[in-house]
Protein chains: 2
Amino acid sequence: MAYGYKIGSLPLTTVQRLPSYLRVVREMRRLGREVVSSARLGELLGLEAVQVRKDFGFIGITGMPKMGYQVEELVLAIEHCLNWNQVRDAVLVGVGHLGMALLGYEGFRAHGLDICAAFDIDPSLAGLVVNGTPVWHMDQLESELRRLDARMAILTVSPDAAQDVALRLARAGIEGIWNFTGCPLDLPPDVIVQDQDIAIGLAVLSAKLSSRT
Amino acid sequence: MAYGYKIGSLPLTTVQRLPSYLRVVREMRRLGREVVSSARLGELLGLEAVQVRKDFGFIGITGMPKMGYQVEELVLAIEHCLNWNQVRDAVLVGVGHLGMALLGYEGFRAHGLDICAAFDIDPSLAGLVVNGTPVWHMDQLESELRRLDARMAILTVSPDAAQDVALRLARAGIEGIWNFTGCPLDLPPDVIVQDQDIAIGLAVLSAKLSSRT
DNA sequence: GACTGTGAATCTATTCACAGCG
DNA sequence: CGCTGTGAATAGATTCACAGTC
């Protein structure tokens, strides 16, 4: 199985660290700082300096001996890797508690994401506008998707609806599904599924707590 | 750095897979199924059968050749590893969109978690009861924590408050912090911090999407 | 001297190959 | 057979050691 170690030419683990690098270097840019060393970044993020340098090497960034890396260059390179420099449209399906929370989250724009439409099976939600995003009934899913040009969907429906809805999204041409349902999805291999299972984090924390007793 | 490979005697990666095993075997128990093979579990979860067997070996479960593993035994063993068989109290700090969503999430009880109190800086939220959980003002944090016996805190405050609030929690005796703020926390090493950064999942999905073009 | 950059070594996780058992 | 269990091999990630550069 697996086969998920490399994303393009980047190691998965490097990609997973990019958001935290980006947060820090964006903050540094805001403060007017122009260069930063791998040691300083490592200290702020709890990483070895050499790991920071390796990661930057992978994304094609080269620093200056004695000085460090240029903050602006880092921001642009990381944004480019993640495609977070341009805003992409996404739809959200399942406007329950979690879906509502994600609709209210202001941070997505900084990550290049604009939720342009939401869908729910509950007819009483249709017509609502949540934080600027219109909510439609599930019946409108295919027709709205034809109108919009969203490549990505955020899936926050209940577990028992997950597979069916995911299949509808795939058939409607959605290329990537960010899956918050906790269920594994079985879809054609050209659809990229990213599972976001909150239970994993809780499991790790629980296990650490119970092993320390 | 790092040093985070083993949790007690279990590999981190094994612990990360435990929640998905648990979900499936609980469902099988509900359906009255008594045994299951590693091959079947692997198929359902997208894992190699041998990996399933290795994981079960780590948590001390032994199967029967030709038959497979006992579903009931698996449920109990995994719940035990994660301490999800008993309910533990937790507090939630930061009742914004995300905090509200987590308070509304019914699934925590199945994961052994009961959010017994929530806190927010906004005085207009104090006195509210959200899905059975009372909300207090931040001023009450220390005094309420003295009254309750929560070992774990869910941190959903804004990034700029994260470090300060985390420190207050640590000083009040909280042993584990589930950190949704996206900021790294700098705390005494006896406090266990589990970062739950939603941006990581989005980064991986974004990178996969942009590498497929 | 103070950094970066990188091959080599180490450590971890996954996968293979096959022995053992009912 | 049809399964589990496990040592050996492979692949991947991190860390070490040190050469190179301003």
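Thr13(A) reaches DNA strand D: an N or O atom in its side chain sits 3.4 Å from a phosphate oxygen of the strand, a polar contact (a pair of N or O atoms within 3.5 Å; within protein, one must be able to donate a hydrogen and the other to accept it, and residues adjacent in sequence count only if both atoms are side-chain atoms). Keep in mind that this is a predicted model, where local features need pLDDT of at least 70, side-chain atom pairs count only at pLDDT 80 or more, and totals for chains, interfaces and linings use all residues. Residues are numbered from 1 along each chain as its sequence is written, chains are lettered from A and ligands numbered from 1 in the order in which they are written, and side-chain values use heavy atoms, with hydrogens and water left out.

**DNA strand D**
- Ser38(B) has a side-chain N or O atom 2.6 Å from a phosphate oxygen of the strand, while Gly63(B) puts a polar backbone atom 2.7 Å from one.
- Those two are among the residues that come nearest, of 25 around the strand (a heavy atom within 4 Å).
- Of the strand's atoms within 4 Å of the protein, 61% belong to sugar or phosphate, and the rest are in bases.

**Where chains A and B meet**
- Here 58 residues of chain B touch 57 of chain A (contact means heavy atoms within 4.5 Å).
- Together the chains bury about 5,000 Å², 71% of it on carbon and sulfur atoms (accessible area, 1.4 Å probe, lost on being put together, summed over both).
- Six residue pairs are in polar contact across this interface, both residues at pLDDT 80 or more.

Methods:
Buried area is the accessible area (1.4 Å probe) that two parts lose on being put together, summed over both.
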